Amino acid sequence: VPLENFDVYERVDREVLVNTYWHSATILAIKRAARWFPVIEPILKQNNIPDDFKYLAVVESNLENVVSPAGATGYWQFIKSAANQYGLEVSDEVDERYDIEKSTQAACDYLNEGYTKFRNWTMAAASYNAGVNGIEKWSGLQKAKNYWNLALGSETSRYVSRIIAMKLILENPPAYGFNLKEEDLYKPLKYSEVKLDTSVTDFADYAAILGLNYKTLKLYNPWLRDTSLKIKNGVTYKIKVPEEGSISLIKE
């Protein structure tokens, strides 16, 4: 990052200040990172994506399964058309944008496509926000191949600086005034997986068979979007079941 350029320095400085003093959101990011980074990091590594791209997910969703006003969904904020393009199933019953592993893989595929196009990870990161075609268009019109030399809309112009800011803060929270203890952090989920290859007419009954309630089943499998699921022949899903004792189930 060419911080010797005062414009670049000020863009990064702005995002560090915003995220340092936006206490509630940044505290939640630090807490959630302890749960979700261990899931995201190995998938990035398997796909030859730099580890720093885990902070892109923080910028996109603050590591929460949220839905934007434009309909972008999940930790990596895929719109439906892009989700389908990168192999995620989206229907009334199943929405894999809510699946942390599968959506991270889709994000890796997107980012690798951007890197193949630009041969530059900063431009690939920007393309996640503005689209590969959008960055290619502005790069061509402005005859500039370096992200920091592009005149872009406010959101895309701030985007990479926001990723950098979250990296700086989350790598060393105390340096920015966030003094959380180990017990304050959200623990990774402990679970096993069972195969599901037959249709389910009632997930509340299915959850009871697994020794769970419907709410807990949904907590561990947020990609299940309905109370039933019709499964086609040859299709198999993996259902996460919490390890015994890892979550205290609330009795009726």
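A salt bridge is a side-chain nitrogen of Lys or Arg within 4 Å of a carboxyl oxygen of Asp or Glu. The structure above holds 11 of them, and we'll walk through a few. Keep in mind that this is a predicted model: local features need pLDDT of at least 70, side-chain atom pairs count only at pLDDT 80 or more, and totals for chains, interfaces and linings use all residues. Residues are numbered from 1 along each chain as its sequence is written, and side-chain values use heavy atoms, with hydrogens and water left out.

**The big picture**

- The protein has 10 helices and 2 strands; these are DSSP runs numbered from the N terminus, with helices (H or I) of at least four residues and strands (E) of at least two.
- Going along the sequence, you meet them in the pattern α-α-α-α-α-α-α-α-β-α-α-β.
- The radius of gyration is 20 Å, close to the 18 Å that the globule rule gives for 252 residues, so the protein is as compact as a globular protein of that length. (The radius is taken over C-alpha atoms, and the rule is 2.2 Å times the number of residues to the power 0.38.)
- Along its principal axes, the C-alpha trace spans about 60 × 45 × 30 Å.
- Of the 252 residues, 44% count as buried. Buried means under 20% relative accessible area, exposed means over 50%, and partly exposed is in between (1.4 Å probe, protein chains only).
- A contact means heavy atoms within 4.5 Å. Among contacts between residues at least 6 apart in sequence, 60% join residues at least 24 apart.
- About 13800 Å² of the protein is exposed, and carbon and sulfur atoms supply 51% of that. Accessible areas come from the Shrake-Rupley method with a 1.4 Å probe; for residues, only the protein chains shown count as cover.

**Salt bridges to look for**

- Here's the basic idea: side chains of opposite charge can pair when their charged atoms come close.
- Glu-64 and Arg-32 pair up through their side chains, at 3.6 Å from N to O. Glu-64 sits in the loop between helix H3 (54–61) and helix H4 (80–85), while Arg-32 is in helix H2 (residues 23–46), so this pair ties together parts that are 32 residues apart in sequence.
- The two partners differ in cover: Glu-64 is partly exposed at 37% relative accessible area, whereas Arg-32 is buried at 14%.
- Another salt bridge joins Glu-136 and Lys-117, whose closest N and O atoms are 3.4 Å apart. Glu-136 belongs to helix H7 (residues 132–142) and Lys-117 to helix H5 (residues 100–118), so the link ties together parts that are 19 residues apart in sequence.
- Glu-136 is partly exposed, with 36% relative accessibility, and Lys-117 is partly exposed too, with 43%.
- Lys-167 and Glu-171 form a salt bridge at 2.7 Å, N to O. They are 4 residues apart in helix H8 (residues 154–171), which means they are separated by about one helical turn.
- Lys-167 is partly exposed at 21% relative accessible area, and Glu-171 is partly exposed at 48%.
- Shared partners also link salt bridges into a network, made of Glu-41, Asp-51 and Lys-54.

**Around Ser-103 and Asp-99**

- Ser-103 lies in helix H5 and is buried, at 0% relative accessibility.
- Leaving out residues up to four places away in sequence, Ser-103 touches Tyr-75, Trp-76, Phe-78, Leu-88, Glu-96 and Arg-97.
- A polar atom of the Ser-103 side chain lies 2.7 Å from the backbone oxygen of Asp-99.
- Asp-99 is in the loop between H4 and H5 and is buried, with a relative accessible area of 9%.
- The side chain of Asp-99 has a polar atom 3.0 Å from the backbone nitrogen of Glu-101.
- Asp-99 and Trp-223 are 124 residues apart along the chain, yet their C-alpha atoms are separated by 5.5 Å.

**A nonpolar patch**

- Val-1, Leu-3 and Tyr-9 make a nonpolar surface patch of about 300 Å². Patches are made of residues with over 30% relative accessible area and no salt bridge; like charges are joined within 9 Å, and nonpolar side chains (Val, Leu, Ile, Met, Phe, Trp, Tyr) within 5 Å.
- Leu-3 is in the segment before helix H1 (6–21) and is partly exposed, with a relative accessible area of 42%.

Notes: Polar contact = N/O pair within 3.5 Å; in protein donor to acceptor, adjacent residues only side chain to side chain.
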